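Biologist: I'm a first-year student and I'd like a close look at one part of this model, the place where the two chains come together. Could you walk me through it slowly, then show me a few other spots?

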2 protein chains.
Amino acid sequence: MISEKMKVFVEGSSIIRAMFEEGKKMAAIYGADKVYDFSLGNPNVPAPEEVNKAIKDIVDNEDSVYVHGYMSNSGYEDVRAAIAGSLNRRFDTNFNESNIVMTVGAAGGLNVILKSILNPGDEVIAFAPFFGEYRSYAGNYDGKLVVVSPDTKEFQLNLEELSEKITTKTKAVIVNNPNNPSGVVYSEETIKKLAEVLREKEKELGIEIFLISDEPYRELVYDGVEVPYLTKYYHNTVVGYSYSKSLSLPGERIGYLVIPDEADDAEQLKAAANVATRILGFVNAPSLMQRVVAKCVDTEVNVEPYNKNRELLYGSLKEYGFECIKPQGAFYMFVKTPGDEMEFVAAAKKHNILVVPGKSFACEGYVRIAYCVSYDTIKNSLPGFKELAKEFGLLK
Amino acid sequence: MISEKMKVFVEGSSIIRAMFEEGKKMAAIYGADKVYDFSLGNPNVPAPEEVNKAIKDIVDNEDSVYVHGYMSNSGYEDVRAAIAGSLNRRFDTNFNESNIVMTVGAAGGLNVILKSILNPGDEVIAFAPFFGEYRSYAGNYDGKLVVVSPDTKEFQLNLEELSEKITTKTKAVIVNNPNNPSGVVYSEETIKKLAEVLREKEKELGIEIFLISDEPYRELVYDGVEVPYLTKYYHNTVVGYSYSKSLSLPGERIGYLVIPDEADDAEQLKAAANVATRILGFVNAPSLMQRVVAKCVDTEVNVEPYNKNRELLYGSLKEYGFECIKPQGAFYMFVKTPGDEMEFVAAAKKHNILVVPGKSFACEGYVRIAYCVSYDTIKNSLPGFKELAKEFGLLK
């Protein structure tokens, strides 16, 4: 009854989402405080006060027909102008409302841009480890995901392999900075080299290559690290952003695409993104939330709770003998598993600890720990991690 | 730079949406009260008070992390249970939360179900006149839209032609009840006959055919007309609903799918819809709005303003000599054009009247008038319509 493609998807459905459902069931059995669910990037830090204040202000003071009504498929012009202005102030860019397309989260944005550019058989390159849904998103438009193998030393970008994998079929390269699942931030040096490779390949092969920068974690950085704004380094860059993590609004599905004027055929691309938003059935990003984020464009993101979690979890895991790069962004830790990752995932579950296997990110031998949970969850999970370290021979 | 498919879409972009943009520009030039924009189904009636009250109640009293966070891709279970309960009370059905998938409006829902069921080359049958986006939605999944020609006498369903057009490639039949653009409500008699044709064809050809019922206008009916609930007449029915029109929330993108247990492979279909919601990039229907509609499931829809508009517009157009079926649902009137429809559309624009040509609905020789505008807009547009009647020889 269901389509052949979907049969495959339903069978191999997202491990992350399956764990989220599992976690809810376990919480019902053992009590929520006895289950350490590190499976999903669902922020535990509440939305800043400004968000709920903005919601109430808008509902009380703005015209209901306008606030809840249709607008241009790309979004309200004043909202897009407010976002462009904020980006310009923060990153010394030069955008206006025409460069912004409001989207149903970053996932919606990525689908809109891929729908806009992919012909069947086109290739989209992603660097492992990467958010596994990229494969579905490219597949939605009959694109093929090509994977560059992970640099398991530094978790930066394997640019030599990228260069080898770019062909005349390459239409786009996706980077996710800060990275889910590694928590690594790609340095300006890495980005400059990446841009150089893309420019050279565009010239050599006579093609246009999009750099799609998926940036929902842009503001979640620690240790004073800077995240380069990619449109400044490479002309054919499209940025996908979401307020899911920065404003803790993942359920609201609100984000945007940036399509710079420097992109080839920028006007046509903007028009395509506008149309794709409509025909994919998004129609537009949720209207009230558009108006809310416009009022919160310069709201400070409080990363301190995540930072505290990061320090405790990282310090403890290292102490127990686990191997892991210290993340400088997002709220994920990507930990090397002593032994088979699926055995580790199963063993962790016996301690009521839910983590996601690395194969979900095309990088086996690791697990992802989403530390966007309460400090107590981290603290109370530590004995379990310690036991795991013993079971797998890291500790005596 | 953009894909070949999108080039076609961008060039032939929705006339309705182009008019909406045009209307905004004209309003800026002539003043909003001098432009009679009947192009878009954007309700002029504000959302019921309960909606904004519910928004504030939730924001004030519910946990922010829960309200704005991720939930199961199919939506909050309590929200889905509330909707199932309301449907059962109103239509004597027997749904529970597992039968409901929350969606990003009806457009999102239609994409989710088509993604779930279509193999490339599968055919989806629609009855002209129909909402033109159906063609894009089927095309998104490499399906082919097959059109049953309009019954221009009554604007009911041409079931003889349907029967001829069903083949082994047919996967789904879409009906839109009440209909956009005709405003006609398909009677129980029509629906019974439709179900009979589908059952016979399923048996004859040994296939399964989905009946997709697109019902955003279900509550917008006049003259005491009843809209049959289609799951009660045919087993493989999937209902797509949206609160866009009933609660005047088109910008918020909130709706749901109903997948009844009577459908073949219902469990697999529910699972597919859940996965499709995620991989298409919707992820989930906007979270706050899910909780809002759950609080408003039994809110009475005030159709009186539309009814007043309907009576004035219909009465006046008939008086001027126009031909039109009196709509009993939705907020559209589908008027036969005296002469070429594009000439009529252009002539109307000279009177600052924006209407949509019938070819957008696969039914030439008509224009659609969306009367979800203010009463004054209708009243003030009448001299323009009268002039048009004169110009086209209907009046002396």
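Modeller: Sure! Let's begin with the surface the copies share: 100% of the interface residues of chain B are also interface residues in chain A, so the copies meet through the same surface. Keep in mind that this is a predicted model.

How do the copies sit relative to each other? Any two copies of a chain are related by a rotation about an axis and a shift along it. Here, a rotation of 180 degrees with 0.0 Å of shift along its axis lays chain B onto chain A, with an RMSD of 0.0 Å. The two copies are thus related as by a two-fold rotation axis. If you want to find that axis on screen, look for B:Lys56: of the residues of chain B, its C-alpha comes closest to the axis, at 3.1 Å.

Now zoom in on a pair of helices from opposite chains. Helix H1 of chain A (residues 4-11) and helix H10 of chain B (residues 266-279) have axes that come within 9 Å and cross at roughly 85 degrees. Angles from 65 to 115 degrees count as roughly perpendicular, and H1(A) and H10(B) are therefore roughly perpendicular to each other. On the H1(A) side, the contact is made by A:Met6, A:Lys7, A:Phe9 and A:Val10. H10(B) brings B:Gln268, B:Ala271, B:Ala272, B:Val275, B:Ala276 and B:Ile279. Sort the residues of this contact by class and you get eight nonpolar, one polar and one charged.

Next, the enclosed spaces. The structure holds six cavities of 30 Å³ or more, and the largest has about 390 Å³ of space. Its lining counts 27 residues, and those nearest the centre are A:Tyr70, B:Phe131, B:Tyr137, B:Tyr217 and B:Lys245. Helices H2 (15-30), H6 (105-117) and H7 (133-140) of chain B are the elements that give two or more residues to this lining. By class, the lining has 13 nonpolar, seven polar and seven charged residues.

The second largest cavity has about 120 Å³ of space. Its lining includes A:Leu114, A:Lys115, A:Asn140 and A:Asp142 from chain A, along with B:Lys5, B:Met6, B:Asn140 and B:Asp142 from chain B. Two or more residues come from each of helix H6 (105-117) of chain A and helix H1 (4-11) of chain B. The class split for this lining is five nonpolar, three polar and four charged residues.

For another angle between helices, look within chain A. Helix H12 (residues 304-319) and helix H14 (residues 375-391) of chain A pack at about 5 degrees, with their axes 10 Å apart. H12(A) and H14(A) are therefore roughly parallel to each other. Among the residues that meet are A:Leu312 and A:Leu313 in H12(A), and A:Ile378 and A:Leu382 in H14(A). This contact divides into seven nonpolar, two polar and two charged residues.

Finally, some backbone details. Most residues other than glycine have a negative phi, and most peptide bonds are trans. The bond from A:Asn180 to A:Pro181 is cis, with omega near 20 degrees, and A:Pro181 sits in the loop between strand E5 (170-176) and helix H9 (188-205) of chain A. The bond from B:Ala128 to B:Pro129 is also cis, with omega near -5 degrees. You'll find B:Pro129 in the loop between strand E3 (123-127) and H7 of chain B. As for phi, A:Ala362 has a positive value, near 55 degrees.

Note on methods:
Residues are numbered from 1 along each chain as its sequence is written. Chains are lettered from A and ligands numbered from 1 in the order in which they are written. This is a predicted model: local features need pLDDT of at least 70, side-chain atom pairs count only at pLDDT 80 or more; totals for chains, interfaces and linings use all residues. Side-chain values use heavy atoms; hydrogens and water are left out. Axes are lines fitted to C-alpha atoms, for helices over the stretch in contact, and angles run from 0 to 180 degrees between N-to-C directions. Helices (H or I, at least four residues) and strands (E, at least two) are DSSP runs, numbered from the N terminus. Angles under 35 degrees count as roughly parallel, over 145 as roughly antiparallel, 65 to 115 as roughly perpendicular and the rest as oblique. Contact means heavy atoms within 4.5 Å. Ala, Val, Leu, Ile, Met, Phe, Trp, Tyr, Cys and Pro count as nonpolar, Asp, Glu, Lys and Arg as charged, and the others, Gly among them, as polar. Copies are superposed by least squares on the C-alpha atoms of residues with pLDDT of at least 70 in both. On a 1 Å grid over the protein atoms alone, a cavity is a set of points where a 1.4 Å probe fits but cannot get out, and a pocket is an open set with protein on both sides within 12 Å along at least five of seven lines; lining residues have an atom within 4 Å of a point. Grid points are joined across faces, edges and corners, and a volume is the space filled by probe spheres set on the points.
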